[in-house]
Amino acid sequence: MALPKTLTIAGSDASGGAGLEADLKAFQEHNTYGMAAVSVIATMDPDNNWAHGVYTLPIDVLEAQLKTAFSTTIDAVKTGMLSTEEVIITAGKAIAEAGVKNVVIDPVMVCKGEDEVLNPGNVTAMVQYLLPHALVTTPNLFEAGQLAGIKTPKTIAEMQIAAEKITQLGAKNVVIKGGRGIAHDQAFDLFYDGEKHYLLETAKIDTTYNHGAGCTFAASVTANLALGLSVKEAVFEAKEFVAAGIEHGWKLNEFVGPVHHGAKSRFGAPKVTLTELEPITY
């Protein structure tokens with residue numbers, strides 16, 4: 001029996017916890033056929049305080065991979081780390097030409113600090129070449145602020161404002177990953193479908209073993225869309241999937257601990273609640 005085909009256009013994380021390695025694990029756990037086009041290779045140097053290295057592949061190499069991947073019908077595609085404007089434009093044009101409807105944009109941004117993007121041009125390129133194709137986009141708090149053109153959201157109301165501004169840029173649905181970044185006794189994300197706001201909540205998990213959580217969430221949404229779930233259903237299950245992964249995260253080395261991608265199928269998922277919020281006025 002043929003499986004739904006899911007494609008990630010993303011960076012390779014040599015540690016295996018995030019990037020396309022996380023995506024492929026999530027795709028497999030959701031019983032879809034995972035494919036990958038590598039945009040960049042990310043490393044961590046244990047001899048230099050685990051400093052990150054980012055190595056962008058030549059554009060012609062990315063183009064060749066995309067040509068291969070899109071030679072068949074793709075049921076859903078997601079983007080992850082796209083390190084330069086040229087890479088973003090290349091990915092966006094390939095998605096547009098392929099005509100894929102289920103597109104999940106995880107707008108990964110490499111940041112120097114909370115209020116500074118390493119390459120501001122990437123944000124502009126994402127807005128122009130990626131968001132118009134996004135059935136769903138999954139920014140974290142910082143990324144949501146950058147896309148919306150506002151300060152990093154600190155409250156639920158500010159998350160709602162950011163989500164509405166992002167849909168005005170072309171994304172049909174927005175999930176802002178709040179996680180532990182909002183002062184609250186629960187870990188929550190905001191889901192906006194272009195009309196209604198919803199709060200997805202789980203109990204906060206006291207762990208630092210959450211490497212790859214954002215990638216895993218977006219990949220789970222992607223796989224669920226490929227399987228035919230509605231956007232709301234896809235987002236809800238992805239929240240369950242990643243919450244279970246964080247709950248059973250584990251230590252990989254002295255620097256990082258990844259989520260457990262097989263946790264939900266093996267141990268079940270923590271309770272997730274979905275609550276509709278009142279409209280925001282601003």
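**Exercise 1. Get the overall picture: work out what the fold is built from and how it is packed.**

Solution. Start with the secondary structure: the protein has nine helices and twelve strands. Keep in mind that you're looking at a predicted model.

Next, check the overall size. For 282 residues, a compact globule would have a radius of gyration near 19 Å, and the protein comes in at 17 Å, which agrees. Along the principal axes, the C-alpha trace spans about 45 × 45 × 40 Å.

Now look inside. Of the 282 residues, 54% are buried. Then take the contacts with a sequence separation of 6 or more: 69% of them join residues 24 or more positions apart.

Finish at the surface. About 12600 Å² is exposed, and 52% of that comes from carbon and sulfur atoms.

**Exercise 2. Take stock of the charges: how many of each sign are there, and how far apart are their mean positions?**

Solution. Count by sign first: the protein carries 21 positive and 32 negative charges. Then compare the mean position of each set; the two are 3 Å apart. As for direct pairing, the structure holds seven salt bridges. Some of them come up in the next two exercises.

**Exercise 3. Helix 1 has residues in two salt bridges. Find the partners of D23 and E29, and decide whether each residue is buried or exposed.**

Solution. Begin with D23. Its partner is K78, with the closest N and O atoms 3.0 Å apart. K78 sits in strand 4 (residues 76–79) and D23 in helix 1 (residues 19–29), so this pair links distant parts of the chain, 55 residues apart.

Now the accessibility, where anything under 20% counts as buried. K78 has a relative accessibility of 1%, so it is buried. D23 is at 0%, so it is buried as well.

Move on to E29. Its side chain meets that of R266 in a salt bridge, 3.4 Å from N to O. Here too the pair links distant parts of the chain: R266 belongs to helix 9 (residues 263–267), E29 to helix 1, and they are 237 residues apart.

Check accessibility again. R266 is at 52%, so it counts as exposed. E29 is at 30%, so it counts as partly exposed.

**Exercise 4. Look at K251 and K264: which acidic residues do they team up with?**

Solution. K251 first: its side chain meets that of E254 in a salt bridge, 3.5 Å from N to O. E254 has 64% relative accessibility and therefore counts as exposed, while K251, at 42%, counts as partly exposed.

K264 is a network case. It is linked with E237 and E240 through salt bridges.

**Exercise 5. Scan the loop between strand 2 and strand 3 for positive phi values in residues other than glycine. Which residues turn up?**

Solution. Set the boundaries: strand 2 covers 33–45 and strand 3 covers 51–56, and N49 is in the loop between them. N49 isn't a glycine, yet its phi is positive, about 55°. With a relative accessibility of 69%, N49 is exposed, because that is over the 50% mark.

W50 lies in that loop too, between strand 2 and strand 3. Its phi is near 60°, again a positive value in a non-glycine residue.

**Exercise 6. Describe the surroundings of T138 and G214. Which residues appear in both contact lists?**

Solution. Place T138 first. You'll find T138 in the loop between strand 8 (136–137) and helix 5 (141–148). At 0% relative accessibility, T138 is buried.

Now list its contacts, skipping neighbours within four places in sequence: V104, I105, D106, P107, E143, V175, K177, F217 and A218. For a sense of distance, T138 and L190 are 52 residues apart in sequence and 9.8 Å apart in space, C-alpha to C-alpha.

Do the matching steps for G214. G214 lies in helix 7 (residues 213–226), and at 23% relative accessibility it counts as partly exposed. With neighbours within four places left aside, G214 is in contact with D106 and K177. G214 and D47 are 167 residues apart in sequence and 27 Å apart in space, C-alpha to C-alpha.

Put the lists side by side, and D106 and K177 appear in both.

Key:
Residues numbered from 1 in each chain as written. Predicted model: local features only at pLDDT ≥ 70, side-chain atom pairs only at ≥ 80, totals over all residues. Heavy atoms only, no water. Helix = DSSP H or I, 4+ residues; strand = E, 2+ residues; numbered from the N terminus. Rg over C-alpha atoms; globule rule 2.2 N^0.38 Å. Buried < 20%, exposed > 50% of the residue type's maximum accessible area, 1.4 Å probe, protein only. Contact = heavy atoms within 4.5 Å. Areas by Shrake-Rupley, 256 points an atom, 1.4 Å probe, with all protein chains shown as cover. Lys, Arg positive; Asp, Glu negative; His and termini not counted. Charge placed at Lys NZ, Arg CZ, Asp CG, Glu CD. Salt bridge = Lys/Arg side-chain N within 4 Å of Asp/Glu carboxyl O.
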